[in-house]
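Work through the two exercises below with the model open. Each solution goes step by step.

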Amino acid sequence: MFHGFIPHIMGTRFDILLIHSDIDRLNTLWADIAYELERLDKILNRFDPHSEVSKINNHASQSKIQINKEMKSILQLCSYYYETTSHLFDITLKDFSQIQLHEHSYISFTSPDISLDFGGFAKGYALKKIRKFIEQENISDAFANFGNSSILGIGHHPYGDCWKVSLQNPYTQQTLDEFCLTDNTLSTSGNTEQYTGHIINPLTGIYNEQKKVTSILSDNPLDAEILSTVWMIADDQQREQINENFKHIKGTIYTL
């Protein structure tokens, strides 16, 4: 069993367990994963003044700015999720429609108040990349964990038939639920005593301060990441509508 970790990446800690008899192979795989995480952080971390998203946020409200091929693909993905979540997933937190994509991979904003925030996207996007790296190396058992909120389980624990994960009540530390991950992802979102009112409804501009937690199980890490936040702000009718676009997920709301 190989354990790799990065103390602070994408705003949290990252840990991974990789199971294989060839330790050299695992060391090489971990080096590739760590490099990829650092690379993605340099693209998507808005708190890094040298990241691509920071450069976009600093200039796109004034004029067109050129973006690379991957950022263009990311924005197209975000547009897809914006439409399929009834506009509740919105990387501008205000109005995604004010992002303008131009020919030759240029971007601009139609309002000076618009900026990009990939906080509810980046970890899921990274887990999809990591899963692909693991599959390419034919590693059948692995467990990747972003700060206990975005977790990928592949195969099973060496001493079990899955990767067992517990979800705790952030106010009482009591167990809310237990999950058995086998080739799927668990993403959770919610408020805590120390960290509340951080999830905004882009349609109303109101921050959610409810004492609740949401969980999403999905074989798609990006779906799980995005929908766990969306589930915090969606009402029953909106969730029912969104479910029509994501029939493979299992979403749960825990009122605390």
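Contact here means heavy atoms within 4.5 Å. This is a predicted model, where local features need pLDDT of at least 70, side-chain atom pairs count only at pLDDT 80 or more, and totals for chains, interfaces and linings use all residues. Residues are numbered from 1 along each chain as its sequence is written, and side-chain values use heavy atoms, with hydrogens and water left out.

**Exercise 1. Describe the chain as a whole.**

Step 1. Take the contacts with a separation of 6 or more: 58% of them come from residues 24 or more positions apart.

Step 2. List the secondary structure. The chain has 6 helices and 14 strands (DSSP runs, H or I of at least four residues and E of at least two, numbered from the N terminus).

Step 3. Judge compactness. The radius of gyration, taken over C-alpha atoms, is 19 Å, close to the 18 Å of the globule rule (2.2 Å times the number of residues to the power 0.38) for 256 residues, so the chain is as compact as a globular protein of that length.

Step 4. Check burial. Of the 256 residues, 52% are buried (under 20% relative accessible area, 1.4 Å probe, protein chains only).

**Exercise 2. Describe how helix 1 packs on helix 4.**

Step 1. Find the geometry. Helix 1 (residues 23-44) and helix 4 (residues 122-136) pack at about 155°, with axes 10 Å apart. That makes helix 1 roughly antiparallel to helix 4 (angle over 145 degrees).

Step 2. Name the contacts. Among the residues that meet are Leu29, Ile33 and Leu37 in helix 1, and Tyr125, Ile130 and Phe133 in helix 4.

Step 3. Sort the contact residues: 11 are nonpolar, none polar and 4 charged.

Note on methods. Axes fitted to C-alpha atoms, helices over the stretch in contact; angles between N-to-C directions. Parallel < 35°, antiparallel > 145°, perpendicular 65-115°, else oblique. Nonpolar A, V, L, I, M, F, W, Y, C, P; charged D, E, K, R; others polar. Buried < 20%, exposed > 50% of the residue type's maximum accessible area, 1.4 Å probe, protein only.
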